[in-house]
Amino acid sequence: MWMEILEAQRGPSPPRLSVEDAAILYEKADFNMLRSVALERRRFMNPGNHVTYMIDRNVNYTNVCTINCQFCSFYRPPGHSETYTQTYEQISVRFTELEEVDGVRVLMQGGVNPELPLEWYTELILFLRKEHPSIALDCFSPIEIEGIAEVCNLSTLEVLTALKEAGMHGLPGGGAEMLVDDVRLDISPKKGSAENWLRVMHEAQSLGLTTSATNVIGFGETELHRVKHMDRIRDLQDQAITKGWTGFTSFVAWPVQLETNVFGKRNRGRNRIELGAGPTEYLRHVAVSRLFFDNIDHIQGSWPTMGLDIAQMALFGGADDIGSTMMEENVVSASGTEKTCALEVELQEAVRRAGFVALRRDSDYNLLETPDVASDVQGFPAPPPLQPATNA
Ligand code: SF4
């Protein structure tokens, strides 16, 4: 059964993959065949032999949060002795560091901080646009937008409109985790239903903000839950495209990190549920996502949670982008990830050693001029590029 489904996915215009068929591929398809068809699909959707990356950084402006997601080790509740909120000047220093390495985008996210009104955010954006005009600001997750709306008694659309008018470029896809309420309401009851995340994203897309879709796996959910998550995103993307909007630029998934988290300790071994996801499972997820998303152009490999070697392998199974330099990361890493920064040369080398050409991009996936950083540092020759797949 899985062979017929997979075979039908070959070629330039395969039928749309149903949720049921995607779950069958996820569970049963031969690992190498699945990845091979996903690579072929990637080559149809993103012709050429290049893999993109971005020079950016994360800024986690506050760790105060009232949402208490069970898997999160980053947040501190209001009044806790370890809370922080960075000043505009402290944030600006981080932007300057990014400018020094030709960075083009900051991803700024924090917690749901009940002390910060909308004006704190709009004035921050105005300040950063003035001080650092070349840096695109992709800021906040849907739950932060909901938090600001609640503090200020405004609608989420009104909050997004004010932030966009101040100069915000995009709304990153953080906080999607698992858009299936069975799982979502169990791990993050205060985040509310999947519908909330989807609604705020839809509003952001209606305003022309750049958006991306994320997915965290490994909470003990089934493969069908994971594909249903993808289905919610694919549906929303259909709606965006129908309205002539750009919609999601990309999809990126990673396994939940629970090494130092009480949720992980409490659930380890319980009901024989394995939390997180290993490399094989992750690579299956990437491959299925490439086949499932016929309406989202780019699939990212995730190096911060999987390591650069597994991210490199994802390039042979559906991913066409290796993410970004990040420079710092405090949310996922608080639960156990150690590597939170990649040098440009590391991303270039990972791409080059896999046989692809590494190209810089911006937040909208526009290609940028790419200096050959790696050749200045490394002494070994690049492998020959792979031939693009054909449908023969
Ligand atoms: S994941 Fe985000 S919303 Fe949830 S507790 Fe952590 S900071 Fe708060």
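## Overall make-up

How many helices and strands are there in the chain? The chain has 16 helices and 10 strands, where helices (H or I, at least four residues) and strands (E, at least two) are DSSP runs numbered from the N terminus. This is a predicted model, in which local features need pLDDT of at least 70 and side-chain atom pairs count only at pLDDT 80 or more, while totals for chains, interfaces and linings use all residues. Residues are numbered from 1 along each chain as its sequence is written, and side-chain values use heavy atoms, with hydrogens and water left out.

Of the 392 residues of the chain, 56% count as buried; buried means under 20% relative accessible area, exposed over 50%, and partly exposed in between, with a 1.4 Å probe and protein chains only. The accessible surface of the chain is about 16,200 Å², and carbon and sulfur atoms account for 52% of that area. Such areas come from the Shrake-Rupley method with a 1.4 Å probe, and for residues only the protein chains shown count as cover. As for contacts (heavy atoms within 4.5 Å), 75% of those between residues at least 6 apart in sequence join residues at least 24 apart.

## Cysteines

How many disulfides does the structure hold? The count is 0, with a disulfide taken as a pair of cysteine sulfur atoms within 2.5 Å. Cys-69 is buried because its relative accessible area is 9%, and Cys-139 is buried with a value of 0%.

## Helix 6 against helix 7

Two packed helices are described by the angle between their axes and the distance between the axes. Here, the axes of helix 6 (residues 142–152) and helix 7 (residues 156–166) come within 8 Å and cross at roughly 105°. Helix 6 is therefore roughly perpendicular to helix 7. For the conventions, axes are lines fitted to C-alpha atoms, for helices over the stretch in contact, and angles run from 0 to 180 degrees between N-to-C directions. Angles under 35 degrees count as roughly parallel, over 145 as roughly antiparallel, 65 to 115 as roughly perpendicular, and the rest as oblique.

Which residues make this meeting? Helix 6 brings Ile-145, Glu-146, Ile-148 and Ala-149, and helix 7 brings Thr-156, Val-159, Leu-160 and Leu-163. By class, the contact has 6 nonpolar, 1 polar and 1 charged residues. In this scheme Ala, Val, Leu, Ile, Met, Phe, Trp, Tyr, Cys and Pro are nonpolar, Asp, Glu, Lys and Arg are charged, and the others, Gly among them, are polar.

## Buried polar side chains

Asn-215 sits in strand 6 (residues 210–217) and counts as buried because its relative accessibility is 0%. Leaving aside residues up to four places away in sequence, Asn-215 touches Glu-177, Met-178, His-229, Phe-251, Val-252, Ala-253, Trp-254 and His-285. One of these, Ala-253, is 38 residues away along the chain, yet the two C-alpha atoms are separated by 4.4 Å.

Gln-205, in helix 9 (residues 194–206), is buried with a relative accessible area of 3%. Beyond residues up to four places away, Gln-205 touches Thr-211, Leu-236, Gln-237, Ala-240, Trp-245, Gly-247 and Phe-248.

## Links across the sequence

Gln-70 lies in the loop between strand 2 (56–59) and helix 4 (88–99) and is partly exposed at 25% relative accessibility. Its C-alpha atom is 5.5 Å from that of Ile-187, although the two are 117 residues apart in sequence.

Arg-129 belongs to helix 5 (residues 118–131) and is partly exposed at 29%. Outside residues up to four places away, Arg-129 touches Ile-135, Leu-137, Ala-166 and Gly-167. In helix 10 (residues 223–242), Asp-231 touches Val-19 and Phe-292 by the same kind of count, which omits residues up to four places away. The C-alpha atoms of Asp-231 and Phe-292 are separated by 8.2 Å, with their positions 61 residues apart along the chain.

## Positive phi

Most residues other than glycine have a negative phi, and most peptide bonds are trans. Where does Asp-102 lie? Asp-102 is in the loop between helix 4 and strand 3 (105–108); its phi is near 65°, a positive value, and at 45% relative accessibility it counts as partly exposed.

Tyr-365 also has a positive phi, near 65°. Tyr-365 is found in the loop between strand 10 (357–360) and helix 16 (373–377), and at 11% relative accessibility it counts as buried.
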